[in-house]
Amino acid sequence: MKEYNIAVIPGDGIGNEVAPEGVRLLDTIALITGSFKLRYEYFPWGCEYYLKTGRMMAEDGLKILKPFDAIYFGAVGFPTVPDHISLRGLRLPICQGFEQYVCYRPSELIPGIKSPLADKKVGDIDFVVIRENTEGEYIGAGGRAHHNLNSEVAVETSVFTRTGIERVVRYSYQLAQSRRKNLVSATKSNAQQHSMTFWDEIVDEIGKEYPEVKLERVLVDALSARFVLRPESLDVVVASNLFGDILTDLGAAIVGSMGLAPSGNINPERTYPSMFEPVHGSAPDIVGKGIANPIAMIWCGAMMLDFIGEKKAAEMIHAAIKATTAERKVLTPDLGGNARTTQVTDAIVEKLKVMK
Ligand SMILES: NC(=O)c1ccc[n+]([C@@H]2O[C@H](COP(=O)([O-])OP(=O)(O)OC[C@H]3O[C@@H](n4cnc5c(N)ncnc54)[C@H](O)[C@@H]3O)[C@@H](O)[C@H]2O)c1
């Protein structure tokens, strides 16, 4: 029997409420299929750890995580810790240090869920945003000077490398090739005349290797309108770090809730472990109420299993999520229901047992 070692980092806020539900589901599917085992190690990293130690993760955190098969991550963010500290101290060092250059974020309208967009039905919204995940606007290059003077200045420089663009763009073409063969490249080269023209050039160059894929270059502002007006026209979208970050919250909103949006930070070469986490944050407005939607976290578990090689188990979880939402009986308040977090997991577990 195959055994996988999973590092679990629940993090902060509702991360601590949805991560245990995700693990419960993973344990269930491992038992049902009987073909693999998951061994977990928990890491208490996050803002509470920061308030105690001054660090978001152990100093040798990447060294500790490196041997794991995958990382299962909840969310970070705490009202009393500045967001740039929590993000830059934990999620970004993992994504950048482990060359998780593909941030894979599907937006799929699933049965029983009402999109805020009028008349959208299952099948109308089914696309993937591939967000560049290691450089661009989030590289962290810059600084501040002339503190407390009128001339105070802040500089934040985006960094785009040929290697960085080529690898994420090639992955996106390959994904489009395996789907409906449409790729939209999010750009802003009308205004960003250095970085985004470079991005566009490389997208065109790599496109020559994939003649079957239809490429569209769309300015990110027009693209955000298209997410709302014509989401059915989207198949795969490739975007820079910042553009992809913004577009995928919109992608989550149009499929019904932040609580339905999974995400995988992937190192396709498997040199390092990949990390699976919901798109949503720590949701301080609902923390402690027991009503966080666990579906995004559970879906991330399916993506993680798919990536480590347990495809059948991943498909079963995906199907069980859809069977649960289709009934509209057990849904958390973000989806118009009154179920609690644990009840949604219970319902998905029941669907899995029936599939057995
Ligand atoms: N990857 C991450 O860990 C990550 C991502 C985004 C934000 N954050 C952090 O999270 C904190 C809160 O940020 P925010 O409010 O902008 O974003 P958020 O995603 O935490 O919340 C946005 C809204 O969506 C709702 N929501 C989110 N997840 C939900 C779920 N599973 N079920 C039901 N409702 C859900 C929240 O209640 C809130 O109304 C900040 O500190 C931010 O820095 C972390």
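**Aromatic pairs and ligand contacts in a predicted model**

Tutor: Tyr-4 is buried, at a relative accessible area of 7%. The model is predicted, so local features need pLDDT of at least 70 and side-chain atom pairs count only at pLDDT 80 or more, while totals for chains, interfaces and linings use all residues. Residues are numbered from 1 along each chain as its sequence is written, and side-chain values use heavy atoms, without hydrogens or water.

Student: Why is Tyr-4 called buried?

Tutor: Buried means under 20% relative accessible area, exposed over 50% and partly exposed in between (1.4 Å probe, protein chains only). Tyr-4 has 7%, so Tyr-4 is buried. Phe-36 has 2% and therefore counts as buried.

Student: What makes the pair of Tyr-4 and Phe-36 edge-to-face?

Tutor: Rings of Phe, Tyr and Trp (its six-membered ring) pair if their centres lie within 6.5 Å; planes under 30 degrees apart count as stacked, over 60 as edge-to-face and the rest as tilted. The centres of Tyr-4 and Phe-36 are 6.2 Å apart and the planes stand at 65°, so the pair is edge-to-face. Tyr-4 belongs to strand S1 (residues 2–11) and Phe-36 to strand S2 (residues 36–42).

Student: Why is the pair of Tyr-40 and Tyr-42 called tilted?

Tutor: Their planes are at 50°, with 6.5 Å from centre to centre. An angle neither under 30 nor over 60 degrees counts as tilted.

Student: How do you know that Asp-83 makes a polar contact with the ligand?

Tutor: A polar contact is a pair of N or O atoms within 3.5 Å; within protein, one must be able to donate a hydrogen and the other to accept it, and residues adjacent in sequence count only if both atoms are side-chain atoms. A ligand oxygen lies 2.7 Å from a side-chain N or O atom of Asp-83.

How values were computed: Helices (H or I, at least four residues) and strands (E, at least two) are DSSP runs, numbered from the N terminus.
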